[in-house]
Amino acid sequence: MPDAPFDPLPGRSFPLAPGLRLVLAPNPSPMTERGTNTYLLGEGAVTVIDPGPADPDHLRAILDALAPGERIERIVVTHAHKDHSPLARPLAEATGAPVAAFGNAQAGQSPRMAALIASGAEMGGGEGVDADFAPDEILANGDATEAGGLPLRAVHTPGHLGNHLCFLWGDALFSGDHVMGWAPSLVSPPEGDLTDFMASLDRLEALGQRRYYPGHGAPVEDGLGRTRALRDHRQGREAAIRAAVGAGAVDLRAITAAVYTDVPEALLPAAARNVLAHLIDLDARGLLRFDGPPGPQTPVIAP
């Protein structure tokens, strides 16, 4: 049957495919598009992906989306950000379903970022992290549960956050915030790691063509093409950052202003976080270096 136009409304169940519904959370913003996509997989025994923010109206909408006789069997979370995970515990308490994820907000943090934290580097970060998140069940890379008669297989994709998981489900992939159609993902150190992000793109590309259901925005029909486009985008940003440093931009603020010339001022702080992620990655690869621990005013030097 033909796909319906993607036009969900907060508080209402929106059908996406046989055995797949969406309930849109009422948290629109420049960083979340229309809001967080909460997915309901299966009929009868239902699996919920990303319950969303701590909003009692959204909790009620998820429960109201269940048909008579249906129950929520499992709750899985792509990653511990406040727009994805806080409602997991209230939903678990309301239904008795366990919460499954890769781990808490610190799980999967890269050794590089852990070392920078230990060094005392003033990197900022921490945007939107759900520090209280604690799953009942741990899902490692490759672990599978059943949802709607199909395996739901975890794919560890750190980068946006160390504990980020995508989920394979038949020919589809629930891509969380790692791959979205409407915007590139924020990678903000020390929780985010661009080196890991790019390696996770490799992992998704190896899965072949899929339809992606992201954490925000419409389904991505050409998942492989979108993944490759995100790689090209990041490589273009890297080239622009190196050019800005070569032209005399000496710190994070100057480099961000030189690279993000078409971004609204309100989004420049998020852009600076992405630039810092690139600088740390370039430093690790010996392509640029910091004159001291990375930070907003630390000089950046071309080797």
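Here is a short walk through a predicted model, from its sheet to the helices packed on it and then to an enclosed space.

Let's begin with the sheet. Seven strands build it, lined up in the order 1-2-3-4-5-6-7. The sheet is open, and its pairing is mixed. If you look for its edges, you will find strand 1 (13-17) and strand 7 (137-138), each of which pairs on one side only.

Now take one pair of neighbours. Strand 5, residues 71-76, runs parallel to strand 6, residues 99-101, and two bridges link them. To find your place in this pair, look for Val76, which stands opposite Ala100 in strand 6.

Next come the helices. Helix 1 covers residues 56-64 and packs on the sheet, where it touches strand 2 (20-24), strand 3 (37-41), strand 4 (45-49) and strand 5. The direction of helix 1 makes about 160° with that of strand 2. Helix 2, residues 88-95, also packs on the sheet, and its contacts are with strand 4, strand 5 and strand 6. Here the angle is about 155°, taken between the directions of helix 2 and strand 5.

Finally, let's turn to empty space. Rolling a probe the size of a water molecule over the atoms reveals where such space is left. How many cavities of 30 Å³ or more does the count give? It comes to one, and the largest cavity holds about 30 Å³ of space. Among the residues lining the largest cavity are Gly108, Gln109, Ser110, Met113, Leu161, Pro190 and Glu191. By character, the lining divides into three nonpolar, five polar and three charged residues.

Key
Residues numbered from 1 in each chain as written. Predicted model: local features only at pLDDT ≥ 70, side-chain atom pairs only at ≥ 80, totals over all residues. Heavy atoms only, no water. Pairing = 2+ DSSP bridges. Helix = DSSP H or I, 4+ residues; strand = E, 2+ residues; numbered from the N terminus. Contact = heavy atoms within 4.5 Å. Axes fitted to C-alpha atoms, helices over the stretch in contact; angles between N-to-C directions. 1 Å grid on protein atoms, 1.4 Å probe; cavity = no way out; pocket = protein on both sides within 12 Å on 5 of 7 lines; lining within 4 Å. Points joined across faces, edges and corners; volume = space filled by probe spheres on them. Nonpolar A, V, L, I, M, F, W, Y, C, P; charged D, E, K, R; others polar.
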